[in-house]
Amino acid sequence: ALSWGSGQTSLSPYQFLRRQQVLQLYRKILRAIREVPAEQDRRYLKDWAREEFRRNKDATEEDAIRMMITQGNMQLQELQRTLKLAKS
C-alpha cells in the first residue's frame, strides 16, 4: 500500500482520481526519460522529476494541483517533442 501525504487513511473519490492522475503523469514522465540517450541526462531528469513530485506531494489546494498537473503535462510534451527531434 502506498501512503499519500501524512498518514491519510481514506481519500475522497475526487482525491483518489487526482492521485491516479498524478501517478499516471509521473509514470509517463519516467517512461519518456528512459528514452533520453545520454545516461547523465537521464539521471539528472529522473532526479529532477522525483524531487518535483516529492516537493509537491502534500499540496491540497485544488487549483494549484490542477495547475501543476497541467505544467507537468506540458513539460512531458516538450520532452517528447525534443526526443522525437533528436531521433529524426
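# Charges and Rings on a Three-Helix Chain

Visitor: Which helix gives the largest share of the positive patch?
Guide: The model is a predicted one. Its positive surface patch is made of Arg 27, Lys 28, Arg 31, Arg 34 and Lys 46. One element supplies three residues of the patch, the largest share. That element spans residues 13-33 and is helix α1.

Visitor: Is Arg 27 buried, partly exposed or exposed?
Guide: Arg 27 sits in helix α1 and belongs to the positive patch. Patch members need over 30% relative accessible area. The relative accessibility of Arg 27 is 45%. Exposed would require over 50% and buried under 20%, so Arg 27 counts as partly exposed.

Visitor: What order do the elements follow from the N terminus on?
Guide: The chain has zero strands. Its helices number three. From the N terminus on, the order is therefore α-α-α.

Visitor: What share of the chain is buried?
Guide: The chain has 88 residues. A residue is buried when its relative accessible area is under 20%. By that cut-off the buried share is 18%.

Visitor: How is the aromatic pair of Tyr 26 and Phe 53 classed?
Guide: A search of the whole structure turns up one aromatic pair. It joins Tyr 26 and Phe 53, at 4.7 Å centre to centre and 55 degrees between the planes. Stacked needs under 30 degrees and edge-to-face over 60. The pair of Tyr 26 and Phe 53 is therefore tilted.

Visitor: How many residues apart in sequence are the parts that this pair ties together?
Guide: Tyr 26 lies in helix α1. Phe 53 lies in helix α2, residues 39-55. The pair therefore ties together parts whose separation in sequence, in residues, is 27.

Visitor: What relative accessibility does Phe 53 have?
Guide: Both ring residues count as partly exposed. Tyr 26 has 21% relative accessibility. The cut-off for buried is under 20%. Phe 53 is not buried, because its relative accessibility is 22%.

Visitor: How many salt bridges does the count come to?
Guide: Side chains of opposite charge can pair when their charged atoms come close. The cut-off here is a side-chain nitrogen within 4 Å of a carboxyl oxygen. One such bridge joins Lys 57 and Asp 58 at 3.6 Å, N to O. The full count of salt bridges is ten.

Visitor: Which helix holds both Glu 51 and Arg 54?
Guide: Glu 51 and Arg 54 form a salt bridge, with the closest N and O atoms 3.5 Å apart. Glu 51 is partly exposed at 40% relative accessibility, and Arg 54 is partly exposed at 47%. The two are three residues apart, about one turn of the helix. Both lie in helix α2.

Visitor: How far apart are the closest N and O atoms of Arg 81 and Glu 78?
Guide: Both residues lie in helix α3, residues 62-87. They are three residues apart, about one turn of the helix. Arg 81 is partly exposed at 47%, and Glu 78 is partly exposed at 40%. Their salt bridge has its closest N and O atoms at 2.7 Å.

Visitor: Which residues are joined into one network by salt bridges that share partners?
Guide: Bridges can share partners. Here such bridges make one network. Its members are Arg 18, Glu 62, Asp 63 and Arg 66.

Definitions and conventions
Residues are numbered from 1 along each chain as its sequence is written. This is a predicted model: local features need pLDDT of at least 70, side-chain atom pairs count only at pLDDT 80 or more; totals for chains, interfaces and linings use all residues. Side-chain values use heavy atoms; hydrogens and water are left out. Patches are made of residues with over 30% relative accessible area and no salt bridge: like charges are joined within 9 Å, nonpolar side chains (Val, Leu, Ile, Met, Phe, Trp, Tyr) within 5 Å. Accessible areas come from the Shrake-Rupley method with a 1.4 Å probe; for residues, only the protein chains shown count as cover. Lys and Arg count as positive and Asp and Glu as negative; His and the chain ends are not counted. The place of a charge is taken as NZ of Lys, CZ of Arg, CG of Asp or CD of Glu. Helices (H or I, at least four residues) and strands (E, at least two) are DSSP runs, numbered from the N terminus. Buried means under 20% relative accessible area, exposed over 50%, partly exposed in between (1.4 Å probe, protein chains only). Rings of Phe, Tyr and Trp (its six-membered ring) pair if their centres lie within 6.5 Å; planes under 30 degrees apart count as stacked, over 60 as edge-to-face and the rest as tilted.
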